[in-house]
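Me: Hi! Could you walk me through this one with me? I'd like to start with a single residue and then get to helix packing and empty space.

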Amino acid sequence: MIIDCHGHYTTVPSAHTAWRDLQRAAFDAADTPPPYPVISDDQVRESVRDGQLRLMDERGVDLTIFSPRASAMAHHVGDEAVSAAWARACNDLVHRVVQLYPSRFAPVCQLPQSPGVPIGHSVDELRRCVLELGFVGCNLNPDPSGGNWTAPPLTDKSWYPFYEAMIELDVPAMVHVSASTNPAFHATGAHYLNADTTAFMQFLQADLFTDLPELRFVIPHGGGAVPYHWGRFRGLADMLGRPGPDSATLASLMGNVFFDTCVYHQAGIDLLFEVIDPANILFGSEMIGAVRGTDPLTGHPFDDTRRYLDALQLPADTAAWVFEGNARRVYPRLDAQLTAAGR
């Protein structure tokens, strides 16, 4: 089985996006937004049929771990109530996709984060999504302010109430920021990769995984800058008196942190696999996502990442772990669902 660990619902029905615009306008006007619109099953089917499903079939992907559009989470917009209503609407829509195509998608939830609001307030939505709707993970935004970085590091104990809920529910989090309101940081070209790198460095500096050894994170986009500057992080760990990122001592950082393959050229994928143990790599494409279009050097879509992995000619057992086994290990609720379905 080929499992894509990183897919977003970027093709939502237009009525969903229009309601978000009305919600934002209502908040600015200190008014009440209109009720959420009625969206038919046919509209939901149409929204993924010619996009995600078609491309999955063309690229040989069996199942996508599917979450709301990351750039649209926009936790900086409105207040806690606005964020909560928006997260619920987005999660419910993802749930409907999974209900219609249960063999093709597994759901991951958006959280109702808001700047300055304790992350513990997001636990109820996590529980609802996991226990009532069958979600297998969540996307955790380390910067709900939208590029201003007002939140404490992910290793700060203020995050622990949420982490404890993750452990109790046995779900991982993908570290994923949203839109950037800071003109210095292009959202997908800078802010996303900055956040990936920043999260890893925060983990390196602290004892989070000694305190909470069952915690699991996926750092997307190939780990940001991390695999490509591995020597820098090893050297910084040494300078800071910290265990190296590949150390077997304490609670090894790489026992809790995983990278995906959302790297859009062959040389980058080659280096990722040269530096990082394949046990820490999950196949992902972010399709349909941040980088679209055809690479003029290859004639193939940038985000057709399976093509890059196939070119590596990995040993069969290694490929099986990268394409399927690691995802099932990091997302045990997904593994349970697949096992129950005889897959």
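Me: Which helix does Arg-128 lie in?

Reply: Happy to help! This is a predicted model, and in it Arg-128 sits in helix 4, which covers residues 123-133.

Me: Is Arg-128 buried or exposed?

Reply: Buried: its relative accessibility is 8%, and the cut-off for buried is under 20%.

Me: And what does Arg-128 touch, leaving out residues up to four places away in sequence?

Reply: With those left out, Arg-128 is in contact with Arg-88, Asn-91, Asp-92 and Leu-133.

Me: Switching to Pro-35, where does that one lie?

Reply: Pro-35 is in the loop that links helix 1 (14-28) to helix 2 (41-59). Pro-35 has 72% relative accessibility, so it counts as exposed.

Me: How far apart are Pro-35 and Phe-259 in space?

Reply: Their C-alpha atoms are 39 Å apart, and in sequence the two residues are separated by 224 positions.

Me: On to the packing. At what angle do the axes of helix 1 and helix 3 cross?

Reply: They cross at roughly 175°, and the axes come within 11 Å. Angles over 145 degrees count as roughly antiparallel, so that is the label for helix 1 and helix 3.

Me: Which residues make that contact?

Reply: From helix 1 there are His-16, Trp-19, Arg-20, Gln-23 and Phe-27, and from helix 3 there are Val-82, Ala-85, Trp-86, Ala-89, Cys-90 and Leu-93. By type, the contact of helix 1 with helix 3 has eight nonpolar residues, two polar and one charged.

Me: How about helix 2 and helix 3, how do their axes cross?

Reply: At roughly 85°, with the axes coming within 10 Å; helix 3 here is residues 80-100. The range for roughly perpendicular is 65 to 115 degrees, and helix 2 and helix 3 therefore fall in that class.

Me: Which residues of helix 2 meet which of helix 3?

Reply: On the helix 2 side you have Asp-41, Val-44, Arg-45 and Val-48, facing Leu-93, Arg-96, Val-97 and Leu-100 of helix 3. The contact of helix 2 with helix 3 splits into five nonpolar and three charged residues, with no polar ones. Leu-93 also appears in the contact with helix 1.

Me: Now empty space. How much is there in the largest pocket?

Reply: The largest pocket holds about 270 Å³. Its lining is made up of 19 residues, and those nearest the centre are Thr-17, Arg-20, Arg-69, Ala-72 and Trp-86. Arg-20 and Trp-86 are also part of the contact between helix 1 and helix 3.

Me: Which element gives the largest share of that lining?

Reply: Helix 1, with five residues of the largest pocket's lining. Helix 1 and helix 3 each contribute at least two.

Me: What's the chemical mix around the largest pocket?

Reply: Ten nonpolar residues, five polar and four charged.

Me: And closed spaces, how many cavities of 30 Å³ or more turn up?

Reply: Three, from a search of the whole structure. The second largest cavity has a volume of about 50 Å³.

Me: What lines the second largest cavity?

Reply: Its lining consists of Cys-5, His-6, Gly-7, Ile-65, Ser-67, Val-108, Cys-138, Asn-139, Met-174 and Tyr-331. Strand 1 (3-9), strand 2 (63-68) and strand 4 (137-140) are the elements giving two or more residues, and strand 1 has the largest share with three.

Me: Any charged residues there, or how does that lining divide?

Reply: The lining of the second largest cavity has six nonpolar residues, four polar and no charged ones.

How values were computed: Residues numbered from 1 in each chain as written. Predicted model: local features only at pLDDT ≥ 70, side-chain atom pairs only at ≥ 80, totals over all residues. Heavy atoms only, no water. Helix = DSSP H or I, 4+ residues; strand = E, 2+ residues; numbered from the N terminus. Buried < 20%, exposed > 50% of the residue type's maximum accessible area, 1.4 Å probe, protein only. Contact = heavy atoms within 4.5 Å. 1 Å grid on protein atoms, 1.4 Å probe; cavity = no way out; pocket = protein on both sides within 12 Å on 5 of 7 lines; lining within 4 Å. Points joined across faces, edges and corners; volume = space filled by probe spheres on them. Nonpolar A, V, L, I, M, F, W, Y, C, P; charged D, E, K, R; others polar. Axes fitted to C-alpha atoms, helices over the stretch in contact; angles between N-to-C directions. Parallel < 35°, antiparallel > 145°, perpendicular 65-115°, else oblique.
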